[in-house]
Amino acid sequence: MIRVVLPQHLRTLSSTNGELFVELLEEPTICRLIDHLEQQHPMLKGTIRDQISGSRRPFVRFFAAGLDLSHEPVDTVLPLSVQSGREPFIILGAMAGG
Amino acid sequence: MSSARVLVGTRKGAFILRSDGRRRSWSVDGPFFGGWELYHLKGSPKDPERIYASQSSSWFGQQIQRSDDGGRSWNPVGNLFEYDGAAGTHQWYDGTPHPWEFARVWHLEPSLGDPDTVYAGVEDAAMFKSTDGGNKWQEMSGLRLHGSGSAWQPGAGGMCLHTILLDEANPKRIFIAISAAGAFRTEDGGDSWKPINRGLTSGEIPDQEAEVGHCVHRIARHPLRPEVLFMQKHWGVFRSDDAGDKWTKVSGDLPSDFGFPIAVHPHEPETIYVIPIKSDAEHYPPEGMLRVYRSRVGGNEWEPLTSGLPQSNCYVNVLRDAMDVDSLDPGGVYFGTTGGQVYGSFDEGDTWEALASHLPAVLSVEVQTLP
């Protein structure tokens, strides 16, 4: 099972607590993981990536296994430690000053 | 007994203020959607328990929330706002063509007769309509494509469609306003639109007769006088007595030519309220004194209303969607500030009191008068 950590605002929006657990039957890529999240929680559509272009929203970041995967192609296969559930795939809001 | 419910949108969530019809004490519920920007909330005139809310975030985009129990519980509905066909271009700040890009919903206007029908004014300027309670949205693209759209240019706050006025007696007539393009009217339910900006004057723009390019901040109207429109814009207060075909400046003796909101008294169609702001460069009240100005003759002659409002060291702003009236007797007037106060007057503006303080910066105030 893949573990996913959502930022606070998206946990509230989707009425979820703690980590989400996702099982992907196909090769686990960033895109497939988000597809699955949006199918399970339709209110997340448009919050992580643009609904029309499919692009990651500019102030959303993907961290996993000590790596910043935000700028990787969406068909990038998730790290093995994330696939196995040893480490979570973290979706978070970019830092903002002020 | 009648009651009043005030829907307050702020930079960091929504709040709902409630009182009975005497309006002497108020409860404050919230924040709802804490941490998100709530540009606007508005209830259905047909079913006041149905409330729509625009929730947005620079991080996580646009959501539309709907309540069917007067704001006690909420559920997200549709949030896909896709321009109809090829989006085309408008002018960018440097005068070059720029693709239309959806940013957020500024204003929600529920239908007067059907709780499931609601209109949305968005940035980049366009109008959308839902007929299923906000689940699916369809652009009314006749506005964006009517001809002048490619010449629209954003103001500093973005190219937003912020005002939507519906007409109970004539459902096919709708007025809208866009910053900084101007006002527009449809007579066929939104298929075709006409700019209605004749008579407006706008600072130093080279062509004062320009069909578009006037920075309208807000339009208000009394429901019993649907042909009479009052406008606060960048550079003055105007009125039209012919549904926008011709505008006349009625700023009169106001202390400045700038401000954002405008409202009409619920029972007196020629009594109007504005809140002057010092200038476009200084978005705070003149002399640090927060004053609402009232005209009882439809403009030109104004009186400052100060009782209960801070008269020194006040440097807040009042935004375009942040003033409204109830329909109780005597009529109530309400507004919210960027300093987080919500003020109300229950004697037509003569005296004011803070109904809530220390909220996040207020973006919108809508009042529901409940039976």
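Let me begin with one pair of residues: in chain B, R5(B) stands opposite R18(B), which belongs to strand β2(B). Before going further, I should say that this is a predicted model, in which local features need pLDDT of at least 70, side-chain atom pairs count only at pLDDT 80 or more, and totals for chains, interfaces and linings use all residues. Residues are numbered from 1 along each chain as its sequence is written, while chains are lettered from A and ligands numbered from 1 in the order in which they are written.

The pair just named lies in the following setting. Strand β1 (residues 3-10) of chain B runs antiparallel to strand β2 (residues 13-20) of chain B, and 8 bridges join them. Strands here are DSSP runs of E with at least two residues, helices are runs of H or I with at least four, and both are numbered from the N terminus. Two strands pair if DSSP finds at least two bridges between them. β1(B) and β2(B) form a hairpin with 2 residues between them.

On to the next strand. β2(B) also pairs with strand β3 (residues 27-32) of chain B, in the antiparallel sense, over 4 bridges. Here R18(B) appears again, with S27(B) as its bridge partner in β3(B). The hairpin of β2(B) and β3(B) has 6 residues between the strands, and R23(B) takes a positive phi near 60° there.

Further along the chain, an open sheet of 4 strands has the order β18-β19-β20-β21 (chain B), with antiparallel pairing. β18 (216-220) and β21 (248-249) of chain B each have a single partner strand and stand at the edges, so one side of each is left without a neighbour in the sheet. Within this sheet, β19 (residues 229-233) and β20 (residues 236-240) of chain B pair over 5 bridges, and L229(B) stands opposite S240(B) in β20(B).

What of chain B as a whole? It has 0 helices and 30 strands. Its radius of gyration is 19 Å, close to the 21 Å that the globule rule gives for 371 residues, so chain B is as compact as a globular protein of that length. That radius is taken over C-alpha atoms, and the rule is 2.2 Å times the number of residues to the power 0.38.

Finally, 12 residues of chain A are in contact with 13 residues of chain B, contact meaning C-beta atoms, placed from the backbone, within 7 Å. Helix α1 (residues 8-13) of chain A gives the largest share of chain A's side, 3 residues.

How values were computed:
Two residues are in contact if their C-beta atoms, placed from the backbone, lie within 7 Å.
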